[in-house]
Amino acid sequence: MTKLIENEMMKLIAKKRLVVIALIIGVLVILFTYAQYKTVQTQRDKLGTSDWRTILQQQIIDTQNRLSSSRISAEWKKQLQISLQQQQYYLNHNINPSEPGAPTFVRMFLENSIDLFIPLMVMVIASDLVSSEYSLGSIKLLLTRPIRRWKVLLSKYITLCLAISLIVCISGVLAYLFSGIVFGYRGWEAPILTGFSVTESGLNTSAVKLLATWQYLLMDFGLVWFVAIVVGTLSFMLSVLIRSTAAGMGVMLASLISGAILSNMVSSWHSAKYLFMVNLRLTDYLKGTAPPIEGMTLSFSLIVLLVWWAAALFVAFFSFTKKDVY
């Protein structure tokens, strides 16, 4: 098995896709860092101060002004009310929700990348692992070796999991290194609140806990990695079922984009909460953001994604071991 995994890793490295993915992540991190820097500068110039309390108070006023508008929908108004309560809670407890520093930028980058950007990077690797063997014709040579089919596929899946772990690590490291040049590398011990929950009456703060940023980041990385594994497994299944890499990538791309759209539109479609793409933003539960559909919790989303992961893995192995190769 070890030799099979080594062989798969060598093939993956030879394609240089990990290098391309690292370059894409690096470029986007630089762009996001510049955008964040300009946002901070604009706030500082507008208010004439860099004091976080003054900035947060202005954000609260802006939110209140938006709430007074009669042109916003009831759903968006509820989101703003929850955001307002969180901002006020941070202010009352004298905690800066956006402590300047690279760790804060890494947290924000991960939270905004969990449902689309990182899954897209993972999809580039996963959609090609098996289907490329068919397109190149090497699948016949691979299966004529005296090794069981399930071991061949398992070696590919383990390689995928290693690649996913590497992609998540690269994202965190590059985000920290590049943003630290602008914002500094401090802030690992900065306090941050988690445990907010949304109920029918509004924001529930009874379970709120104070954590250091490094502790919060560990949870963020864990959730991002889990989502990447689920999306990677689904792409891996399509790579087994569909012999065309382009077709497999197209299906997953459509699913991920539709999930980003549906998350803002499915509040009244309760059965949509069982779709995997509606459950990808796991880090929102840590922040206390209202879920796309009322009643969804972190435990529920984790279970739904686990079911999709198990089903995709079963279908992939069952299909690969049973279907004829020609």
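# Exercises on a predicted model

By class, 5 nonpolar, 3 polar and no charged residues line the second largest pocket. The structure is a predicted model. Work through each task, then check the solution.

## Exercise 1: the second largest pocket

Find which residues line the second largest pocket, and which helix gives the most to the lining.

**Solution.**
- Step 1. Start with the volume, which is about 150 Å³.
- Step 2. List the lining: Phe32, Gln36, Phe105, Met108, Phe109, Asn112, Ser113 and Phe117.
- Step 3. Look for the helices behind these names. Both α2 and α5 supply at least two residues of the lining.
- Step 4. Pick the main contributor. Helix α5 gives the most, with 5 residues.
- Step 5. Sort by class. The lining has 5 nonpolar and 3 polar residues, and no charged ones.

## Exercise 2: the largest cavity

State how many cavities of 30 Å³ or more there are, and describe the lining of the largest cavity.

**Solution.**
- Step 1. Recall the method. A probe the size of a water molecule, rolled over the atoms, shows where empty space is left.
- Step 2. Count. There is 1 cavity of 30 Å³ or more.
- Step 3. Give the volume. The largest cavity holds about 50 Å³ of space.
- Step 4. Name the lining: Asn96, Pro97, Glu99, Thr104, Arg107, Ala190, Pro191, Ile192 and Thr213.
- Step 5. Place the lining. Helix α5 (102-113) and strand β1 (191-194) each supply at least two of its residues.
- Step 6. Sort by class. This lining has 4 nonpolar, 3 polar and 2 charged residues.

## Exercise 3: one residue of the cavity lining

Decide whether Arg107 is buried or exposed, and list what it touches.

**Solution.**
- Step 1. Locate Arg107: it is found in helix α5.
- Step 2. Read its relative accessible area, which is 8%.
- Step 3. Apply the cut-off. Buried means under 20%, so Arg107 is buried.
- Step 4. List the contacts. Leaving out residues up to four places away in sequence, Arg107 touches Pro97, Ile192, Tyr216, Leu217 and Asp220.
- Step 5. Compare with the cavity. Pro97 and Ile192 also appear in the lining of the largest cavity, as does Arg107.

## Exercise 4: Asp51 and Leu177

Classify Asp51 and Leu177 by accessibility. Then give a C-alpha distance for each.

**Solution.**
- Step 1. Place Asp51 in the loop between α2 (17-47) and α3 (52-67).
- Step 2. Its relative accessibility is 34%, so Asp51 counts as partly exposed.
- Step 3. Asp51 and Asn96 lie 45 residues apart in sequence, with 9.9 Å between their C-alpha atoms.
- Step 4. Place Leu177 in helix α9 (residues 149-183).
- Step 5. Its relative accessible area is 40%, so Leu177 is partly exposed too.
- Step 6. Leu177 and Ala102 are 75 residues apart along the chain, and their C-alpha atoms are separated by 7.6 Å.

## Exercise 5: the nonpolar core and α10

Find how many residues the largest nonpolar core has, and which helix gives it the largest share.

**Solution.**
- Step 1. Recall a trend. In soluble globular proteins, nonpolar side chains tend to be buried together.
- Step 2. Read the count. The largest nonpolar core has 82 residues. Among those with the most contacts inside it are Ile125, Phe236 and Met252.
- Step 3. Find the main source. Helix α10 (residues 213-241) gives this core its largest share, 15 residues.
- Step 4. Check burial. Of the 29 residues of α10, 21 are buried.
- Step 5. Check length. From first C-alpha to last, α10 reaches 42 Å, close to the 42 Å expected at 1.5 Å a residue.
- Step 6. Finish with Met252. Not counting residues up to four places away in sequence, Met252 touches Met123, Val231, Leu234, Ser235, Leu238 and Phe276.

How values were computed: Residues are numbered from 1 along each chain as its sequence is written. This is a predicted model: local features need pLDDT of at least 70, side-chain atom pairs count only at pLDDT 80 or more; totals for chains, interfaces and linings use all residues. Side-chain values use heavy atoms; hydrogens and water are left out. Helices (H or I, at least four residues) and strands (E, at least two) are DSSP runs, numbered from the N terminus. Buried means under 20% relative accessible area, exposed over 50%, partly exposed in between (1.4 Å probe, protein chains only). On a 1 Å grid over the protein atoms alone, a cavity is a set of points where a 1.4 Å probe fits but cannot get out, and a pocket is an open set with protein on both sides within 12 Å along at least five of seven lines; lining residues have an atom within 4 Å of a point. Grid points are joined across faces, edges and corners, and a volume is the space filled by probe spheres set on the points. Ala, Val, Leu, Ile, Met, Phe, Trp, Tyr, Cys and Pro count as nonpolar, Asp, Glu, Lys and Arg as charged, and the others, Gly among them, as polar. A nonpolar core is a set of buried Ala, Val, Leu, Ile, Met, Phe, Trp, Tyr and Cys residues joined through side-chain atoms within 4.5 Å. Contact means heavy atoms within 4.5 Å. The expected span of a helix is 1.5 Å times one less than its number of residues.
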